[in-house]
Amino acid sequence: MPDEAYADPPDSEQPEQGTRLAGLVLVSTPIGNLGDLSPRARQALAESDLILCEDTRHSGRLLSAAGIDVRTEPLHEYNEDRRIAPVLGMLRAGRRIALISDAGTPLVSDPGYRLVRAAIAEGLAVGAVPGPNAAVMALVLSGLPPQPFLFLGFPPPRSAARHTAFGTLRAAERAGLAATAIWHEAPHRLAETLADMADCFGPRAAAVARELTKHFEEVRRGTLTELAAHYANHPARGEITVLVGPPEEADPEDLDGQLTRALATHSVKDAAALVSTATGLPRKLVYARALEMGRPQG
Ligand code: SAM
């Protein structure tokens with residue numbers, strides 16, 4: 001017996017696809033394979049009065065391939081703030097407006113959050129047609145634990161900032177977080193990012209998902225050390241999502257414990273260097289903690 005909450009309504013009550021969608025509708029579009037535009041996404045787009053696109057030329061190709069002839073306007077990172085008032089005005093006047101990004105689910109590493117927040121604050125209808133999303137597809141193909149997962153967008157482009165960002169995650173892990181972490185990454189930065197990840201997280205289980213849903217789709221699984229070495233020798237191409245598994249088990253010794261022992265016989269600087277090497281934690285982070293701990297009490 002199906003759970004009542006999930007039971008299909010009788011046919012006469014079955015809403016026609018799309019008839020419930022009013023107001024602002026966030027429509028997910030393919031991440032590479034046009035066949036992934038769902039019938040409901042197609043219908044929602046075709047029935048809109050206006051489609052807001054991250055890039056109207058890029059989305060124009062998808063819309064024309066899908067036979068959709070609806071006015072498009074740009075909504076991207078740089079004009080989103082000034083587009084909000086006119087779009088809310090159109091929604092108040094009863095227009096149906098779809099929002100799409102270049103690929104996948106709008107708002108996820110893509111524009112639209114500020115508009116959605118403003119529409120919600122005004123009590124306007126906001127709906128969504130779910131569909132492709134690179135992070136979730138990569139997660140389920142990775143062989144890494146599917147939950148909990150932590151989606152972190154793109155890592156910082158510079159190595160120093162990346163170390164800081166990964167160090168923050170490492171600190172959260174030390175405080176008990178055990179999640180699969182997911183990042184987008186550009187192909188020309190993949191090898192250096194994996195090397196920085198290997199520095200911070202050690203030889204942890206990880207995966208690189210490339211060109212999902214496309215002809216050269218590939219998911220490479222291995223330790224961070226193996227993946228860093230592979231991509232250092234085989235520069236990657238295409239669109240890439242990187243995943244790092246949770247720490248395998250609780251750290252046998254906590255950072256403070258290791259530092260206490262090292263500080264008993266070493267200077268702050270040497271103790272920080274030793275513990276940073278032993279734990280794989282960023283040297284700056286360990287040094288800052290060693291300084292705090294090394295300070296004489298009272
Ligand atoms: N909104 C999109 C989504 O829902 O997947 C993500 C947009 S984000 C600007 C684009 C990044 O997502 C790419 O640089 C890449 O890291 C990742 N990505 C997009 N398509 C992908 C694909 N087919 N395979 C692997 N990663 C992909």
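## Helix 2 and the sheet it packs against

In this predicted model, the buried residues of helix 2 pack against helix 1 (39-46), strand 2 (50-53), strand 3 (72-74) and strand 4 (97-100). Those buried residues are Ser-59, Leu-62 and Leu-63, in a helix that spans residues 56-65. Looking down the axis of helix 2, you'd find its buried residues within an arc of 95°, so they line one face of the helix. That fits a general pattern: an α-helix has 3.6 residues a turn, so residues three or four places apart point the same way. Flip to the other side of helix 2 and you meet Arg-57, Arg-61, Ser-64 and Ala-65, which are exposed.

The two ends of helix 2 have their own details. At its start, a side-chain oxygen of Asp-55 comes to within 2.9 Å of the backbone nitrogen of Arg-57. Just past the helix, Gly-67 adopts a positive phi of about 70°.

Now for the sheet. It's an open one with five strands in the order 3-2-4-1-5, paired in parallel. Strand 3 and strand 5 (126-129) sit at the edges, each pairing on one side only. On average, neighbouring strands are turned by 25° against each other, direction ignored. Strand 1 (residues 24-27) pairs with strand 5 over four bridges, in the parallel sense, and Leu-26 has Ala-128 of strand 5 as its bridge partner.

Here's how two other helices lie on these strands:

| Helix | Strands touched or crossed | Angle |
|---|---|---|
| Helix 1 | strand 1, strand 2, strand 4 and strand 5 | about 135° with strand 5 |
| Helix 4 (residues 113-121) | strand 1, strand 2 and strand 5 | about 145° to strand 1 |

Key:
Residues are numbered from 1 along each chain as its sequence is written. This is a predicted model: local features need pLDDT of at least 70, side-chain atom pairs count only at pLDDT 80 or more; totals for chains, interfaces and linings use all residues. Side-chain values use heavy atoms; hydrogens and water are left out. Buried means under 20% relative accessible area, exposed over 50%, partly exposed in between (1.4 Å probe, protein chains only). The arc is that of the directions from the helix axis to the C-beta atoms. Contact means heavy atoms within 4.5 Å. A polar contact is a pair of N or O atoms within 3.5 Å; within protein, one must be able to donate a hydrogen and the other to accept it, and residues adjacent in sequence count only if both atoms are side-chain atoms. Two strands pair if DSSP finds at least two bridges between them. Axes are lines fitted to C-alpha atoms, for helices over the stretch in contact, and angles run from 0 to 180 degrees between N-to-C directions.
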